[in-house]
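The following note reviews selected strand and helix arrangements. Please read the points alongside the structure.

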Amino acid sequence: MAGSGKAHLRPNDESLLRVEDLTVEFPVKGGVVHAVSGISFDVCRGETLGLVGESGCGKSTTGRAILQLPRPTGGDVYLDGANLTDLDDESIRKRRTDLQMIFQDPISSLNPRRRIGEVVAEPMKVWGPFDADEQWQTAKKMLEAVGIDPGIARYKRPHEFSGGQCQRISIARALVTEPELIICDEPVSALDVSVQAQILNMLEDLKARYGLTLIFIAHDLAVVKNISDRVAVMYLGKMCEIGDSDEIYNNVAHPYTSILLGSIPLPDPTVEIDEEVELGGELPSPINPPSGCRFRTRCTSATEICGRVEPLMRRITDTHYVACHHPLIEVDEVAVAPPTPTHRVSEKTGSATTPTHQQPGENQ
Amino acid sequence: MTQAGSSTSQSTSSTTNEPLLVVKDLKTHFQLDAGLVRAVDGVSFELERGKALGVVGESGSGKTVLCRSIMRLTTGDNVINTGSVLYDGQELLTKSNKEMRNFWGHEISMVFQDPMTSLNPVLKIGRQITEHLRHHLNISRHEARETAISLLRSVKIPEPEKRIDNYPHEMSGGMRQRACIAIALACGPRLLFADEPTTALDVTVQHQILNLLAQQERERFMTTIMVTHDLGVVAGRTDEIAVMYAGKVVEKAPTTALFANVKHPYTEALLNSIPKVEQPKHTRLKAIAGRPPDLINPPEGCSFSPRCPYVQDRCRSEEPTLRPGVVAGHTFACWFPVGTPEGKAAFERNLEAGVAVTLATVGRVQATEDLQGSETLAELAGTQPVTDSGKAHN
């Protein structure tokens, strides 16, 4: 899954956020964790991009790297034309009002000792307005927008609210600085289906009302597809497939996406459950990822070329791209990378390009 | 695996046709300073041998407490347990903890929700499996280890000979849940509770674990109770489904009958709130307004009435009892069931009267909890693609 290549990027002037060759590595004892290895994507203003993949595929790391938390090892992050990776710490700090994050666990992401009024007003204590009344007026407006009664909530503490309500409060807190881009890191994974639906609907409403641009990270393709305009599928630090949500569902191109789709439990007992469509093996170690296509160790259609050459993004339609040597549907442009190391990561460690034919589970 | 497993199932596959588990009017109440919490409030059901029951409901509907009460794991000075739980003809509620130890693990076992916290972090996986093998089956250390390895193999953990000496932190979430399943299956239980076994896991791993549980059920002829908040998880994998709300079973039916013919508005609402992958993007989800009731002061009448789009005056004063549906085994507790003339009339009356206060607006259910600032939301809602808008009427 190599997913290197930028064929899928749109013209520069259309995008609010443009990420190019983003690489994040963490040194550990015995090697380097290749958390994100050269992914590129862009998000237009007012658009929702869904990032989907299993635990450990680097989707959260990507979200954090956009915020420069921590700074990525390589690559560029352009927000509104400015390259965040070039900015010094103080300038980054100032740009952070434009970028906000909503976290997975709503209860632990709110300070248990603070009152809700303080929690929501906190970003304004740093960025202004500095007048307490004005701060509360804004906080009040946002709490109302997320469906929390500000009068009741103001002096309560997080433990007095349910998980769904806490998630609404963290969304209100993310909104008070009027950010341009909100990164939602699994915001509904910890919630019941009924509450999940409330939060998803609310995010759609807020997006329409405030013209938000969202990056929505989740492992459930059904959820991601519902809320996103475009979906990017990630696997082990690489991008497999990116495209319009409906198009990806109607014309699955990547074997991994197809397995993700097949794993969604359907609320319909008449549909026979296919126990064969199961992802075999374990996720390979990101310290020593498989050569060539990173998905090949678990892919049923993998051949010799997959171990040797990293697939590049290829065009299916103008709004749908896939990085696979054996896509499930016709791809009209052939773009195979030369069988030489194509990105920094492989040069450094040599591991990603060594044509060893690893078996699933071998690189534990 | 394991002589252990097969021997128990042989000794027990007695030819009796009576259900393995009979629960009658089971109540579990917790006495708190704030009042009496009616976590489980009069649940009755029977479960036949080898069948799988799904228990579905939101957080706080009492599904976990129900399982723990059946297993007698809800103990404490402030717990009031009444009713009857007959397991294979034996009353469990009157047993002492010491007597229950012969059932736990050996006869009845449980897979917990969070594989990260339900394993002991300072013990190797092998030790955690052999611990109760040795206790219940009285076998040697060596035999126990061999059995544990074959158990790990049966739950498809690669290289079980090595993995048995791993600590939990050395395994991924999916692997840990497999280890938990191995522990639960070790002594060949006849009744297995799976309490949200996949909620903490990825979709792909969830699929694997559910397949594994299904295989083990078939191979061991186990009776299982699967608890979840997602109707999708139990749809293709259970024989019967019980939907719980506020400590009570509000609808129970054979799985296919339930999905084909939903009667209770709560079941319908749960089904509708699942995002379906085949729907176009930005399809408005039909969320359930509000949240589960306070179990200390449940609303009068039907406990779902404050959130129900079919609600009528009768629902607010009179509590419905379970009554039979058309299909054998289908029961539901509702005055105005979905898909009946009364239900349709009630829904349309609500629509006209604008019971929209919190609920039905233009054929769908509003999302926000107390609808503060809802004018704008309602306006916006008009611009959202609303599909299936007529579905609630059927």
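1. Eleven bridges connect strand β1 (residues 15-28) of chain A with β2(A), and the two run antiparallel. Strands, like helices, are DSSP runs numbered from the N terminus (E, at least two residues, for strands; H or I, at least four, for helices). Two strands pair if DSSP finds at least two bridges between them. Within β2(A), A:V32 is the bridge partner of A:P27.

2. This is a predicted model: local features need pLDDT of at least 70, side-chain atom pairs count only at pLDDT 80 or more, and totals for chains, interfaces and linings use all residues. Residues are numbered from 1 along each chain as its sequence is written, while chains are lettered from A and ligands numbered from 1 in the order in which they are written.

3. In chain A, an open sheet of four strands follows the order β2-β1-β4-β5, with antiparallel pairing. Its edge strands, each pairing on one side only, are β2 (31-44) and β5 (82-83) of chain A. Helix α1 (residues 59-66) of chain A packs on the sheet and touches β1, β2 and β4 (74-79) of chain A; contact requires C-beta atoms, placed from the backbone, within 7 Å. The direction of α1 makes about 115° with that of β1(A).

4. Strand β9 (residues 230-235) of chain A is joined to β10(A) by six bridges, running antiparallel; A:V231 stands opposite A:G243. The two strands form a hairpin with two residues between them, and A:L236 in the turn has a positive phi of about 45°.

5. Three bridges also join β10(A) to strand β12 (residues 320-322) of chain A, again antiparallel, with A:E241 opposite A:V322.

Notes: Two residues are in contact if their C-beta atoms, placed from the backbone, lie within 7 Å. Axes are lines fitted to C-alpha atoms, for helices over the stretch in contact, and angles run from 0 to 180 degrees between N-to-C directions.
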